[in-house]
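Thank you all for coming. Please take a moment with the sequence and the picture before I begin, and stop me whenever a term is unclear.

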Amino acid sequence: MRVLILGGDGYLGWPTAMNLTARGHWVAVADNYLRRRLCREENVEPLFGVPNLHERCALWESVSEKQIPVFIGDLTDWEFAAEVFRVSKPDAIVHYAEQPAAPYSMLNRRAAALTLNNNLTVTANVIFAVREYCPDAHIVKLGTMGEYGTPDIDIEEGWLEVDHKGRRHKFLYPRQASSLYHTTKIMDTDLLWFYVRMWNLRVTDLMQGPVYGLFTAENENDDRLLPFFNYDEIFGTVLNRFVVQAVAGYPLTVFGKGGQTRGYINIKDSLNCVRLSLENPAQTGELRIFNQFTETFSVNELAERVTHAGNELGLNVKIQHVENPRKEAEDHYYNPKHTGLLDLGLTPHCLDDKTLEQMMRFVMRYKDRITQDQFYRQVKWA
Ligand SMILES: NC(=O)c1ccc[n+]([C@@H]2O[C@H](COP(=O)([O-])OP(=O)(O)OC[C@H]3O[C@@H](n4cnc5c(N)ncnc54)[C@H](O)[C@@H]3O)[C@@H](O)[C@H]2O)c1
């Protein structure tokens, strides 16, 4: 399969590129280094430096003999996006290329405008480029479990059958995001659903929960191939941040009561979900939605897991409840379905002490690079 990865330099994009080429697919990557730029601007650099995308692809070629063409440019620019699609002629597109941080989107008006403009324009350009250059291609788009929010009823996989006054109709499951970033993901889904109906696109929208980890089959023996790893409040996802806090001897910062519950996924499983979706594509004229996580945890439960694993390593980990800068339910019902990807063959890697210890031992090597004021910046929601 010819796969075009948009956002191929990112935390997930780069490991996905290696993973798919290792399994025999042809892959091209496009990125404008937006993520790197925003981290620099906000002074929240990842734990260790990584090579640029050209260098990464050259390194991967030297170990795997797989070539990955690189396109550097901004996918909100139609001329660039059109060129990438025209030259790469993909059978499938993995669309990761968005501003991915909820706290970043809540920083100020400028960050909000960037998130809106970037995320919606890239999605619109992908839709128009597919129609123009590869109308039968399968779009695999990364959404988020955060699109659903935390309703007081079970969360279905994308769709809800509604009985109303004796009649029945299937709708997108009601969505109510808790940040502007998550709201752009809802808008993306609406855009895709509109054009699936208008132009018979084939789309898989993956509602992913927060990802943790950094090791995959392709990078486990070669640090040069690791993804970048943020541990700050803005770009670092919660479990990655807790692991670094544990190593730094900084109390794990649980926001508010800590009952906030979400679905989490190991990076290895995230890559497998994307690959399974590509290899079992949606039908023409179908918007297929999978909930992409393997286990649910409250923040308190995550903090306890990290404390246990850290203490086993002799780290003396402490937990501190801090004022919650976000506006969110801290104690709520949460029961999302997630059978679609399991039915396609996903075998989950569950969170255990071994996984946490492997991450902690790795982070220990970079302990002197940890900047503690990145942990709790208090980006306020209101
Ligand atoms: N990491 C997670 O926990 C998580 C969870 C749920 C959903 N997601 C979604 O998965 C996708 C990938 O997430 P990630 O963690 O790898 O984020 P990331 O920021 O590391 O990767 C996104 C990449 O897209 C690039 N990009 C953004 N806008 C672009 C543009 N206009 N033109 C070209 N390139 C552009 C960025 O530079 C970055 O390299 C995102 O859409 C994110 O919202 C991530």
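I will talk about the surroundings of the ligand and then about one pair of helices.

Please keep in mind throughout that this is a predicted model. Let me begin with the residues around the ligand: there are 30 of them, and those that come nearest are Y11, D31, N118, Y181 and K185. When we sort the shell by residue type, we find 14 nonpolar residues, ten polar ones and six charged ones. Several elements contribute here, since α2, α6, β5 and α7 each supply at least two residues of that shell.

Now, which atoms lie at short distances from oxygen atoms of the ligand? For Y181, a polar side-chain atom lies 2.6 Å from a ligand oxygen, whereas V211 has a polar backbone atom 2.8 Å from an oxygen atom of the ligand, and for G10 a backbone N or O atom is 3.3 Å from one. As for cover, the ligand on its own has 810 Å² of accessible area, and the protein covers 97% of that.

Let me turn to α2 and α6, whose axes are 14 Å apart and which pack at an angle of about 175°. Because angles over 145 degrees count that way, α2 is roughly antiparallel to α6. Where they meet, L34, R37, L38 and E41 come from α2, while R110, L114 and N118 come from α6. By type, the residues of this contact are three nonpolar, one polar and three charged. Notice, finally, that N118 belongs to this contact and is also among the residues that come nearest to the ligand.

Conventions:
Residues numbered from 1 in each chain as written. Predicted model: local features only at pLDDT ≥ 70, side-chain atom pairs only at ≥ 80, totals over all residues. Heavy atoms only, no water. Near = heavy atom within 4 Å. Polar contact = N/O pair within 3.5 Å; in protein donor to acceptor, adjacent residues only side chain to side chain. Areas by Shrake-Rupley, 256 points an atom, 1.4 Å probe, with all protein chains shown as cover. Helix = DSSP H or I, 4+ residues; strand = E, 2+ residues; numbered from the N terminus. Nonpolar A, V, L, I, M, F, W, Y, C, P; charged D, E, K, R; others polar. Axes fitted to C-alpha atoms, helices over the stretch in contact; angles between N-to-C directions. Parallel < 35°, antiparallel > 145°, perpendicular 65-115°, else oblique. Contact = heavy atoms within 4.5 Å.
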